[in-house]
Protein chains: 2
Amino acid sequence: MDRADEFSIIARYFRPLAAGHDGALGLLDDAALVPGDPARTLVVTVDTLIEGVHFRAGDPPETLAGKLIAVNLSDLAAMAATPVAYLLAISLPSAWNEPALLRWLDDFASGLAREQARFGIHLIGGDTVATPGPLVLTLTAFGHVARGCELRRSRARTGDDVYVSGTIGDGHLGLRVLDGRLGGLTEDDRVYLTTRYRQPEPRVGLGTALAGLAHAAADVSDGLVADLSHICRASGVAARIDAALVPLSPAARRVCAAGRVTLSALITGGDDYELLATAPPAAAAALSRASARAGVALTPIGRIIEAADTEAGAPLVTVLDVGGQPLDVAWGGYRHL
Amino acid sequence: MDRADEFSIIARYFRPLAAGHDGALGLLDDAALVPGDPARTLVVTVDTLIEGVHFRAGDPPETLAGKLIAVNLSDLAAMAATPVAYLLAISLPSAWNEPALLRWLDDFASGLAREQARFGIHLIGGDTVATPGPLVLTLTAFGHVARGCELRRSRARTGDDVYVSGTIGDGHLGLRVLDGRLGGLTEDDRVYLTTRYRQPEPRVGLGTALAGLAHAAADVSDGLVADLSHICRASGVAARIDAALVPLSPAARRVCAAGRVTLSALITGGDDYELLATAPPAAAAALSRASARAGVALTPIGRIIEAADTEAGAPLVTVLDVGGQPLDVAWGGYRHL
């Protein structure tokens, strides 16, 4: 093999990942099959991760595989869908030499195999190309949800409680640690925070449990405040949250308490891949049970209120500090290109 | 707007493309919906085009949109699927300045709108990110086919005739012209060949008409010989084709006749996006009618034969010259990374 080619790479690294799904057709065809099911709606999403933008050059390929799967499954979870399968489009840098390429593929495929086993999903197709630029990974994920039961961003109602899963800000802090902008942590905190950045946990079980309970949901990828504002904009409402109620990990709390980062940075930082949901107060007990069953905390952090007069400059999301005063959150609201 | 951001780009350029499909949810959600249908199988495919690899820097954005749609719809056509919708993941170079970015997006979205109207498809979701590298376009296409009627690469049978649609080699010659490796053509031939490279025509109507008639099919993207060998490998058979029967356009015939390119280069060149199909001799009349209805030529070029002893060095695909002697085709069979 003078240079690894597309077909030998598929045969060696990707075909084994497709073995468990008939619709993959052994990766031998031009396309893959997803049989129709009248009782269920197929939910589809696509996300791209680029070296140097969404992950760091040299990030371990196994954890990168985990992150790629996670960011997409997080989108499915936000719509209460159970993941089923995925397509993988991968642009491999021509600059990598052969041994580096094969080693990377070996580790990356191992990571995919591990995630497939965890979530019961399979690779069903893809495209493998060479690029003169950085590594680009694009995953299209497929999930199923009972017809009519998918959650939407656009269905939040005035009076809903606002919930968030897990803890917020860990991914942002993990990136700071990896970028050398946050040192002096204990080894445990360093490992915890960097792992949260590199290997976020998609809230798949919790997401499916929210169907029928929550009015609206989204995943937190751009930052808690930005993603809540997306729910508000789509639903024609506004929200008020209490900064003190936002759940933080012990590691994040320590960093905050030491004055090394502001709470504002954590709730606008992004890379959380937690779920945001809004639900009527009557659903509180059922949500608490769903959270316990899924083994993931679900914390009420505020309330959906009537649409603010945004033309007059009122924000879609108001963050209150401990004294009940609006916190000046420089969130921007958009992930800039 | 200090710099175009993801959300304003989606709102301005992409949301209008999603207006006609309920499952797009107005591009407001984390994912899109594809309702299940027990009578039809969903066919899914993904293809990536990279600047400097699959298209040339500076290629007109409208034709690039056409090519991106075409290469994916060609995959669906090869399985006899009717295209329905697509997801678009787009990595935009950070190096582009704002006016260039917006101009490019404007033209690209116009191209997508034109292709959507032609094929009756809609954008239903995607991801827009910035990249330090070249422009990368990844499209996931969805199509429908009546349950059990999809065509596969793996079902060719000994005795089948081998057919190819349209003409072969035009895309390869078009690329040579654009790269400055083939000059001295008439203006008409130059425009014809470069257009075939930049804007291949996916054989959607012909592909759906092949269902029930052809045993196996694939699209010709890697080159006629390579793609036929993929059919042979997947089906456990071999093939013999007559070089003289391979359909060439008048422009390609002129270039060949002038000795400026070999027939061997044309049948191994790739970028054709024509359909290859194998079918029993009894289907010939019906295929001829299907070809006429679709308005696309379908030319018999050879025969499926028993699997050769490839261990002993026999090729999967034998190409015979005018005298019936095997032609030495340096095809490699793989698209190198």
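Student: How do you know that the two copies are related as by a two-fold rotation axis?

Tutor: A rotation of 180° with 0.0 Å of shift along its axis superposes chain B on chain A, at an RMSD of 0.0 Å. The two copies are thus related as by a two-fold rotation axis. The same surface serves both, as 100% of the contact residues of chain B recur in chain A. The fit is by least squares on the C-alpha atoms of residues with pLDDT of at least 70 in both copies. This is a predicted model, where local features need pLDDT of at least 70 and side-chain atom pairs count only at pLDDT 80 or more, while totals for chains, interfaces and linings use all residues. Residues are numbered from 1 along each chain as its sequence is written, with chains lettered from A and ligands numbered from 1 in the order in which they are written.

Student: What makes a residue part of the contact, and how many does each chain give?

Tutor: Two residues are in contact if their C-beta atoms, placed from the backbone, lie within 7 Å. By that test the contact takes 61 residues from chain A and 61 residues from chain B. On the chain B side, β2(B) provides the largest share, 10 residues. By class, this side has 32 nonpolar, 14 polar and 15 charged residues. Here Ala, Val, Leu, Ile, Met, Phe, Trp, Tyr, Cys and Pro count as nonpolar, Asp, Glu, Lys and Arg as charged, and the others, Gly among them, as polar.

Student: Why do β2 of chain A and β1(B) count as paired?

Tutor: Strands pair if DSSP finds at least two bridges between them. Strand β2 (residues 40-50) of chain A and β1(B) are joined by 4 bridges and run antiparallel, so they qualify. Within this pairing, A:Leu42 is opposite B:Val34.

Student: What makes something a helix or a strand here, and how many does chain A have?

Tutor: Both are DSSP runs, numbered from the N terminus: H or I over at least four residues for a helix, E over at least two for a strand. Chain A comes to 10 helices and 11 strands.

Student: Where do the two domains of chain A lie along the chain, and what holds the boundary between them?

Tutor: An automatic or database domain assignment sets the bounds, giving domain 1 (6-146) and domain 2 (153-320) of chain A. Their C-alpha centres lie 27 Å apart. The contact between them takes 17 residues from domain 1 and 19 residues from domain 2. On the domain 1 side, α2(A) gives the most, with 10 residues.

Student: How do you know that the size of chain A agrees with a compact globule?

Tutor: The globule rule is 2.2 Å times the number of residues to the power 0.38, and the radius of gyration is taken over C-alpha atoms. For 337 residues the rule gives a value near 20 Å; chain A has 21 Å, which agrees.

Student: Why is strand β6 of chain A called largely enclosed?

Tutor: A residue is buried if 20 or more other C-beta atoms lie within 10 Å of its own, exposed if 12 or fewer, and partly exposed in between, with C-beta atoms placed from the backbone. In β6 (residues 161-165), 5 of the 5 residues are buried, so the strand is largely enclosed by the rest of the structure. A:Asp161, A:Tyr163 and A:Ser165 point one way, and A:Val162 and A:Val164 the other. β6(A) pairs antiparallel with β9 (residues 274-279) of chain A over 4 bridges, and with β10 (residues 298-306) of chain A, also antiparallel, over 5 bridges.
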